[in-house]
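This report looks at charged side-chain pairs and where they sit. The sequence and structure come first.

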Amino acid sequence: MSEDKDRVACLKRKRSILRTAVTNTVIKLEHELLETEHIDVDKLEEILEILVTKFESLKCIDNELEPLFGEIEFEEKYTKTEEYHDKVTLSKFRVNKRIRELNKNVSNFPANVSHDVEKINQVYQPNINIEENSVRIKLPKLCIPKFYGDVNQWLNFWNSFESAIHKNVHLNKVDKFNYLKSYLGGTALSTVDGFSISDSTYDAAINLLKERFAREDLLIQTHMSNILNIKPLKHSNDINAFRKFYDKVSMELRSLECLGLCIENISSVLCTTILKALPQDILIEFNQLQNEKSYTNVNDLLNFLSLSLRSRERAALIS
């Protein structure tokens, strides 16, 4: 028993240190964003990577502490955890938005590889015609997200990268590798950082990233875990929270389907988990519509939540 108390105390100390570090890094980022002149994009990205790395460590501590809390303490601590999650998410969004704005304003590109697809295409294909150039100039609007090793974000990153870079016939593999590294950070960058940049190592690096972050079983487990640990919806009249809840559930279920999992085969597990996260008035509405059916289909539940949310949104507009 004393060992558990010592472990909890140790984890809480670590969490306190990491929370302070995350807060200080967020403040540092906010200070950089307030600069109106001479903004260093590389410095912004460096600070952002530090923030993401520290937040990943913080999430690991939170996950270790979560099963050790009582029901009352859990709700309080979970709310605090979500506050830090929102704080980091907002900082990442602001920094990435600012970087995109700065990149749009760049008119003279350096000789080295940049984060701009247009630059890479023009440097290595000087003889292509004007019509092709005009098409590729639009490529930066794809806004390839930087990937830091969060399995949840792998598909978003890879689909964008594959379309703009991996399958780009105007780039050789050395160029693609340089571009790949420029859009990796954290544990993802560490995975391929040891490779020398060459034609042969590009394919090996892609395969290694896929082995680590694109494993189908790991992705399914991650999305299932996200559903099982979804934040409960406390009040059905909180439209913003209801919308976030619905979008989260819908996204996770569709991600599972994209991975080849038939969600109807595990409807009982999914429905039980989702229903437990709903407030009582919505549960009553749903049960009234079920007409004492013994089996609940997860797609029926999702359709019900969509209708219930839309009706509340319309009512909010009228009142």
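## Buried lysine, partly exposed aspartate

Lys-181 has a relative accessibility of 18%, so Lys-181 counts as buried, the limit for that class being under 20%. The model is a predicted one. Asp-193 is partly exposed, at 46% relative accessible area.

The side chains of these two residues, Lys-181 and Asp-193, form a salt bridge with an N to O distance of 3.8 Å. Lys-181 belongs to helix 7 (residues 173-182), while Asp-193 is in the loop between helix 8 (186-192) and helix 9 (199-213), so the salt bridge ties together parts 12 residues apart in sequence.

## A pair within helix 11

Arg-254 and Glu-257 are joined by a salt bridge, with 2.8 Å between the closest N and O atoms. Both residues lie in helix 11 (residues 239-258), with a spacing of 3 residues, about one turn of the helix. Arg-254 is partly exposed at 32% relative accessibility, and Glu-257 is partly exposed at 35%.

## A pair between helices 13 and 14

In the salt bridge of Arg-312 with Glu-285, the closest N and O atoms are 2.8 Å apart. Glu-285 is in helix 13 (residues 280-290) and Arg-312 in helix 14 (residues 298-318), so this pair ties together parts 27 residues apart in sequence. Arg-312 counts as buried, at 13% relative accessibility, whereas Glu-285 is partly exposed at 27%.

## Network and total

Arg-243, Asp-247 and Glu-313 are joined into one network by salt bridges that share partners. Over the whole structure, the search finds 11 salt bridges.

Conventions
Residues numbered from 1 in each chain as written. Predicted model: local features only at pLDDT ≥ 70, side-chain atom pairs only at ≥ 80, totals over all residues. Heavy atoms only, no water. Salt bridge = Lys/Arg side-chain N within 4 Å of Asp/Glu carboxyl O. Helix = DSSP H or I, 4+ residues; strand = E, 2+ residues; numbered from the N terminus. Buried < 20%, exposed > 50% of the residue type's maximum accessible area, 1.4 Å probe, protein only.
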